[in-house]
4 protein chains.
Amino acid sequence: MTVYNRIAAQDLGRIAALSDGIFAFAMTVLVLEIHIPESADIHSEAQLWAGLAALAPRIVTWLLSLMTLGIFWVGQQTHLNHVAHADRDLTWLNYLFLTFVTALPFSTRLLAEFIGYETAFIVYWFNILLCGLSILACVIYAERAGLIKADAPAHFSQAYRRRVIVAQALYALGAALGLISIPLGIGFIVLVQLNYAIAPRLPVLFKL
Amino acid sequence: MTVYNRIAAQDLGRIAALSDGIFAFAMTVLVLEIHIPESADIHSEAQLWAGLAALAPRIVTWLLSLMTLGIFWVGQQTHLNHVAHADRDLTWLNYLFLTFVTALPFSTRLLAEFIGYETAFIVYWFNILLCGLSILACVIYAERAGLIKADAPAHFSQAYRRRVIVAQALYALGAALGLISIPLGIGFIVLVQLNYAIAPRLPVLFKL
Amino acid sequence: MTVYNRIAAQDLGRIAALSDGIFAFAMTVLVLEIHIPESADIHSEAQLWAGLAALAPRIVTWLLSLMTLGIFWVGQQTHLNHVAHADRDLTWLNYLFLTFVTALPFSTRLLAEFIGYETAFIVYWFNILLCGLSILACVIYAERAGLIKADAPAHFSQAYRRRVIVAQALYALGAALGLISIPLGIGFIVLVQLNYAIAPRLPVLFKL
Amino acid sequence: MTVYNRIAAQDLGRIAALSDGIFAFAMTVLVLEIHIPESADIHSEAQLWAGLAALAPRIVTWLLSLMTLGIFWVGQQTHLNHVAHADRDLTWLNYLFLTFVTALPFSTRLLAEFIGYETAFIVYWFNILLCGLSILACVIYAERAGLIKADAPAHFSQAYRRRVIVAQALYALGAALGLISIPLGIGFIVLVQLNYAIAPRLPVLFKL
C-alpha cells in the first residue's frame, strides 16, 4: 500500500502538470485568435484605432473564455487538493475533463466568428456543460473510490457537487436566455462568471 | 552514490515535466487542426449546423488521437513511477519516445486530410508502433540497468512488456484490417483503445 | 489550519506551473511571429541576407518583448517566493496578471506591424502598464491578507511596491517620449529594461 | 541565509519548469513546420507517397533540430542538477540561454526552406553557437558565484566547460565544412550530435 500511495501521489502531480500546460496553452491560443488589423487597410492613426475597435467581438469572447478557463482551473485545483492520491480511473476522468478544456479555443473561435448565430452559442454553452459534468464526475468518483484526504473538511464533496450543479443550472438558464436573445444570454453568463471569479464570497447561495 | 541519486531523481522530474508539456501541447494542437466553417459560406443556422457536421472526419481522428495520447501518457507515467532514478541513457530513450509523440499531430492531420488513403492510415499506425516500441525500449532498459524501484511489484517489467506487446499486436491487426477496409481498421483500433482507456480491468488478457 | 495551509501551498505550485507554461509559450510564440523571407523572392545569398536584414523591426520588438517577459517572470517569482501560501483571491489576482502576459504577443505583433504608429506604441505600453498594475495588486493583496512568509526580509513588500512604481513611472516617461518620437520612446524603454535585466545592482534608485 | 536558500531553491524549480515548457513547445513546433501534402495535388496512393517523400529536407532538418534540442536539454539539466541554488544573475543567464533555444525553430525553418544556401546554414550554426556560449556562461558564472553544490563531483565545472568547448569546436569545424559543401557540413554536424546523443561513453575525448 505504501508503494501504491507513492506512485499514485506522483500521478496527482502529473495530472496537475498536464492541466497547467493545457490551461497555459489554451489561454495563449485564445489571444492568437485575435488577429491584428491588416496593414494594407491602415493608412492613419484613426484607421488603426478603428481597426482595433472592430476587434470588439473577439475581445468579448476572449474575456468570456478567459473567465471560463480561470473558473475551471481554480475548480480543478480545489478538487485535486482534496484528493489523497489518484488511481487509473481518476486519471482518465481528469483526462476527459482536460479534453473538453482543449476544445474551448475551438468553441470560442466559433462563437467569435458566428456571434449572431444560436448554433455557435449553443455549442459554446455545451462545451461549458461538458467541462462541468466531467469535473463533477471526477469529484463524485474520488469520493466513492475513497480517494479523498482524511483531513479534508467534512461535507467537502457534497459542497463541491452543489456548487457545480448550481453553476451549471445558471449556465443552462443563460443558454435558454440566449435562445431569446444571444447578447442577453452571453451577458447573463458573463455575470454568473464574474460572480464566481470576482465575488465568490458575497452570495451565500454559491458559497462552497 | 547519494549525489548521483539525488541528481538522477531531479532528472526524472525533468523527464516528467517535458512529457507533460509535450502531451499538453499535442492535445491542444489536435483541436487547432479542426477549422471552423468559413463564414463566407454560412448564411443560416442550418448551414452552420451542416458546416459543423462536415467536420466529422476531423472529429473522429481527433478522438482517435486523444485516446492514443491518453494511453501513452498514462503508460509512460506508470513506467516512470516504477523507476527509482534516471540515467543519461534512460533520459535519451524517453526523449526518443517523446519525439514520436510530437509526430502524432502530423500523422493525425495526414489521416484526417487523406482519410480514404491506405498510405495515411499506415503512416498513422506506424507512428503508434514507434511510440509503443520506444516506450518498450525504456522499460526494458530501465530493468536491465537496475533502475527499477526496490519496492516495485514483482514481475512489474514483465507484465508491462506483455501489455505493450499485446496492444501492439492488436494495433498491427487493426493495420492489417485497414488494408482490407480503412473504416474497419480505424474502428478496430478505436475499440482496442477504448478497451485500454475505459475498461482496463475487464479483460484479463490485457490486465497489467 | 494545517489542512488549509497544505492545500494553499499546492495552489502556489499550480500558480507557478501555469505561469511557467504561459511564459514559455509566449516566448516561443514571439519567435513564430518572425517569418522567414519568402523563398519565391530569394534567388541569391545576397538576397537572403537582405531578406534577413529586412526582419530588423521584428527582431527589435522581439528583443523588447523578451526583456519585458523576463522582467515580469523574475518579478512574479520574487513575489511568489515570499508568499507563504495562496488563497482564492491571490490565485485570481495572479490569473489576472497572467492574462495580461498572454496579451503581450498580440501587442508585440501590433507594434512590429505598425512600428511607425503612436497607437501601436501606446497599446504596447498600456500592456506593460497592466502587467505592472496587476503584479502590484498581487503584492499589496498578499501583504494585507497576511500571506507573506514570516521569515521574509523586513519591508519586503514596501521595497517591491516602490520598485514596481519607479519602473512604471519610467515606462510612462518612455510612453510620453514616444508621443514626441516613437524610436526615442522605444529606445528609452529598452534602456530601462536593460537596467532591470542586466544591471539590477548598479543604480541605487532601482534597487529592491 | 536559510530564507534566501529556500527562495533560491524555488527559483531553480522555476528555471527548470520554464525550460521544460520551452523545450516541449519547441519540439512540437518543429513538427508543425512539416506541412502535409496539399490534398488538391494528390489523386492516388502513389502521389501521396511521393508527396511524403518530398518532405525529406524538412524531415532531415527536423531530426537535426530534435538532436540539438535534446543535447541542450540534457546539458542544461546536468548544469542545474549541480547547482545548489540560483540567484538573480544565474536566472537571467539561463533566460538568455532559453531565448536562443526559442530561436531554434526559426533557424530550422530557414535551413529547411533554403537548404542550398550558405547563409541559412551559417545562421543555423550561429544559433547552436549562441546556445553553447550561453550555457557555458551559466556554468562559469555558477562556479565563480559559489553556487555549485558542496557534494558535486570534483572538477565538475572544468569537465563541463571542456565538453562544451570541444563540442563547439566540432560544430565550428562542421560550419567550415559547410562553406565547402552544405550537405557535408550538415552531415558532419549530425555525426557530432549522434555521438553526443547516442554514444556518449565511447569516445574518451568527449566524455564528461
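**Entry 1. Chain pairs without contact**

I looked first at chains B and C, which do not touch, their nearest C-alpha atoms being 8 Å apart. I count two residues as in contact if their C-beta atoms, placed from the backbone, lie within 7 Å. Chain A and chain D are likewise joined by no contact, and their closest C-alpha atoms lie 8 Å apart.

I note the ground rules here. This is a predicted model, in which local features need pLDDT of at least 70, side-chain atom pairs count only at pLDDT 80 or more, and totals for chains, interfaces and linings use all residues. Residues are numbered from 1 along each chain as its sequence is written, while chains are lettered from A and ligands numbered from 1 in the order in which they are written.

**Entry 2. Chain B on chain A**

I looked up the operation that superposes chain B on chain A, and it is a rotation of 90° with 0.0 Å of shift along its axis, at an RMSD of 0.0 Å. That is the relation of a four-fold axis. The fit is by least squares on the C-alpha atoms of residues with pLDDT of at least 70 in both copies.

Which residue of chain B comes closest to the rotation axis? I find B:Gly21, with its C-alpha at 4.0 Å. The copies use different surfaces, since 11% of the contact residues of chain B recur in chain A.

**Entry 3. The B–A contact**

I get 27 residues from chain B and 30 residues from chain A in this contact. On the chain B side, helix 1 (2-32), helix 2 (45-53) and helix 3 (56-81) each supply at least two residues. Helices here are DSSP runs of H or I with at least four residues, strands are runs of E with at least two, and both are numbered from the N terminus. Helix 1 of chain B gives the most to this side, with 11 residues.

I sorted the chain B side by class and got 18 nonpolar, 6 polar and 3 charged residues. Nonpolar means Ala, Val, Leu, Ile, Met, Phe, Trp, Tyr, Cys and Pro, charged means Asp, Glu, Lys and Arg, and polar means the others, Gly among them.

**Entry 4. The B–D contact**

I then took chain B with chain D, where 30 residues come from chain B and 26 residues from chain D. The elements of chain B that give two or more residues to this side are helix 1, helix 4 (88-102), helix 5 (104-113) and helix 6 (118-144). Helix 1 of chain B gives the most here, with 12 residues. The chain B side that touches chain D divides into 18 nonpolar, 6 polar and 6 charged residues.

**Entry 5. Chain A by itself**

I list 8 helices and 0 strands in chain A. The C-alpha trace of chain A spans about 70 × 35 × 30 Å along its principal axes. Of the 208 residues in chain A, 48% are buried. A residue is buried if 20 or more other C-beta atoms lie within 10 Å of its own, exposed if 12 or fewer, and partly exposed in between, with C-beta atoms placed from the backbone. Among contacts in chain A with a separation of 6 or more, 75% are between residues 24 or more positions apart.

**Entry 6. Two helix pairs**

I checked helix 3 (residues 56-81) of chain A against helix 4 (residues 88-102) of chain C: their axes come within 11 Å and cross at roughly 140°. Axes are lines fitted to C-alpha atoms, for helices over the stretch in contact, and angles run from 0 to 180 degrees between N-to-C directions. The two helices are therefore oblique to each other. Angles under 35 degrees count as roughly parallel, over 145 as roughly antiparallel, 65 to 115 as roughly perpendicular and the rest as oblique.

Helix 3 of chain A passes helix 4 of chain C in a right-handed crossing. A crossing is right-handed if the near helix is turned clockwise from the far one by less than a right angle, and left-handed if anticlockwise. A:Leu66, A:Gly70 and A:Val74 make the contact with residues of helix 4 of chain C, including C:Trp92 and C:Tyr95. By class I have 4 nonpolar, 3 polar and 1 charged residues in this contact.

Within chain C, helix 4 packs on helix 6 (residues 118-144) at an angle of about 165°, with the axes 8 Å apart. That makes these two helices of chain C roughly antiparallel. Their crossing is left-handed. Among the residues in contact are C:Leu93, C:Phe97 and C:Phe100 of helix 4 and C:Leu130, C:Ser134 and C:Tyr141 of helix 6. The residues of this contact divide into 13 nonpolar, 3 polar and 1 charged.

**Entry 7. B:Arg161**

I located B:Arg161 in helix 7 (residues 156-180) of chain B. B:Arg161 counts as partly exposed because it has 15 C-beta neighbours inside 10 Å. Leaving aside neighbours within four places in sequence, B:Arg161 is in contact with B:Leu136, B:Val139 and B:Ile140.
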